[in-house]
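Got your viewer open and a cartoon representation ready? Let's take a short walk, one selection at a time.

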Amino acid sequence: MLQNQLTAVLLVSFLRSTFSRYLFIFHLHIVALAMCMKVVAFNGSARKDGNTATLLRRVLQVLAAEGFETELVQLAGEQVRGCNACRTCYTTKNKRCVIEDDKVNEYIQKMLEADGVILGSPVYFSMMTPEMKALIDRAGYVARANQDMFKRKVGAAVVAVRRAGAMSTFDVINHFFLISQMIVPGSSYWNIGIGNKKGDVESDEEGIKTMEDLGKNMAWLLKKINRV
Ligand SMILES: Cc1cc2nc3c(=O)[nH]c(=O)nc-3n(C[C@H](O)[C@H](O)[C@H](O)COP(=O)(O)O)c2cc1C
């Protein structure tokens, strides 16, 4: 009798430890697969490390905690030229813009290599910054000339605003994702943070929560799409 009980206890503890070992290995496997995925965020603000950067970093922090490789690219201080409408990208079809004297081709390459792309901009006179618009115009045209090369990547817009113009900015960035056949996750509010001086958005509790929820939803969606 005692021997049977002992055998049962040993068997249960063996099964338990085996199960938790498998669970641990399975968890490691999931994290390792997520680590292979990357999300790149672009900050279109002319002010480095301002409110848009703060919001983007919140989203990226959540994604990093979920095992994703992340990168923040800040356009501040960079010359980003607008599209010159030459349509050379439709002739060459080489996934590059013909303008080579700025970093846009480097940015396009980063988008191509990433599974998820976040475009962040402050509101300037009710719209995104000219740098972000130039990036969208050129990356968007090159993508369309190359069989919608961003198709089925995950895209999200993030906007910092003092008072008004956030929705139009948010909408226009999302139009880029949607016409590029990308997939856009939602959050608990539209992805907007309120603030004016550097760091103000830290006090926008709902804005910060929106960024964290966006990070969680992006991670969830990317893992589903990539069957992780
Ligand atoms: C040229 C310029 C235009 C702006 N236009 C608007 C505007 O139309 N509406 C608004 O609410 N805030 C406007 N702002 C304020 C910024 O959107 C706000 O300060 C934002 O938090 C800046 O983000 P950043 O720190 O990432 O640059 C403007 C700021 C600048 C520099």
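**Two domains to begin with**

Colour residues 1–35 as domain 1 and 37–225 as domain 2, the two parts into which the protein is divided. Keep in mind that this is a predicted model. Place a marker at the C-alpha centre of each domain: domain 1 and domain 2 are 43 Å apart by that count.

**The ligand**

Now select the ligand and the shell around it, which holds 19 residues. Label Ser45, Gly50, Thr52, Pro122 and Arg162, the closest of them. Colouring the shell by class gives you 8 polar, 7 nonpolar and 4 charged residues. Two elements to show here are helix H2 (51–65) and strand E4 (154–161), as each contributes at least two residues to the shell.

**Along helix H7**

Next, select residues 205–225, which form helix H7. How far apart are the end C-alpha atoms of H7? They are 30 Å apart, and since 21 residues at 1.5 Å a residue should span 30 Å, the helix agrees with expectation.

Show the buried residues of H7 as sticks: Gly207, Thr210, Met211, Leu214, Gly215, Met218, Ala219 and Leu222. An α-helix has 3.6 residues a turn, so residues three or four places apart point the same way. To see what covers these buried residues, turn on strands E1 (38–43), E3 (116–122), E4 and E5 (192–194) together with H2, which are among the covering elements. Just after H7, stop at Arg227, whose phi is positive at about 50°.

**A closer look at Gly207**

Is Gly207 buried or exposed? Gly207 counts as buried because it has 26 C-beta neighbours inside 10 Å. Leaving out residues up to four places away in sequence, Gly207 touches Leu55, Ile192, Gly193, Ile194 and Val201. Then draw a distance from Gly207 to Asn43: they are 164 residues apart in sequence, while their C-alpha atoms are 17 Å apart in space.

**The nonpolar core**

For the last stop, select the largest nonpolar core, a set of 55 residues. Val39, Val59, Ile118, Leu135 and Val159 touch the most other members. Two or more residues come from each of E1, H2, helix H4 (104–113), E3, helix H5 (130–145), E4, helix H6 (166–179) and H7. H5 gives the most, with 8 residues.

Finish by centring on Val59. Beyond its neighbours within four places in sequence, Val59 is in contact with Ala41, Ile118, Val158, Met211, Leu214 and Gly215. Of these contacts, Met211, Leu214 and Gly215 are also among the buried residues of H7 you displayed earlier.

Notes: Residues are numbered from 1 along each chain as its sequence is written. This is a predicted model: local features need pLDDT of at least 70, side-chain atom pairs count only at pLDDT 80 or more; totals for chains, interfaces and linings use all residues. A residue is near a molecule or strand if its C-beta atom, placed from the backbone, lies within 6 Å of it. Helices (H or I, at least four residues) and strands (E, at least two) are DSSP runs, numbered from the N terminus. Ala, Val, Leu, Ile, Met, Phe, Trp, Tyr, Cys and Pro count as nonpolar, Asp, Glu, Lys and Arg as charged, and the others, Gly among them, as polar. Domain bounds come from an automatic or database domain assignment. A residue is buried if 20 or more other C-beta atoms lie within 10 Å of its own, exposed if 12 or fewer, and partly exposed in between; C-beta atoms are placed from the backbone. Two residues are in contact if their C-beta atoms, placed from the backbone, lie within 7 Å. The expected span of a helix is 1.5 Å times one less than its number of residues. A nonpolar core is a set of buried Ala, Val, Leu, Ile, Met, Phe, Trp, Tyr and Cys residues joined through C-beta atoms within 7 Å.
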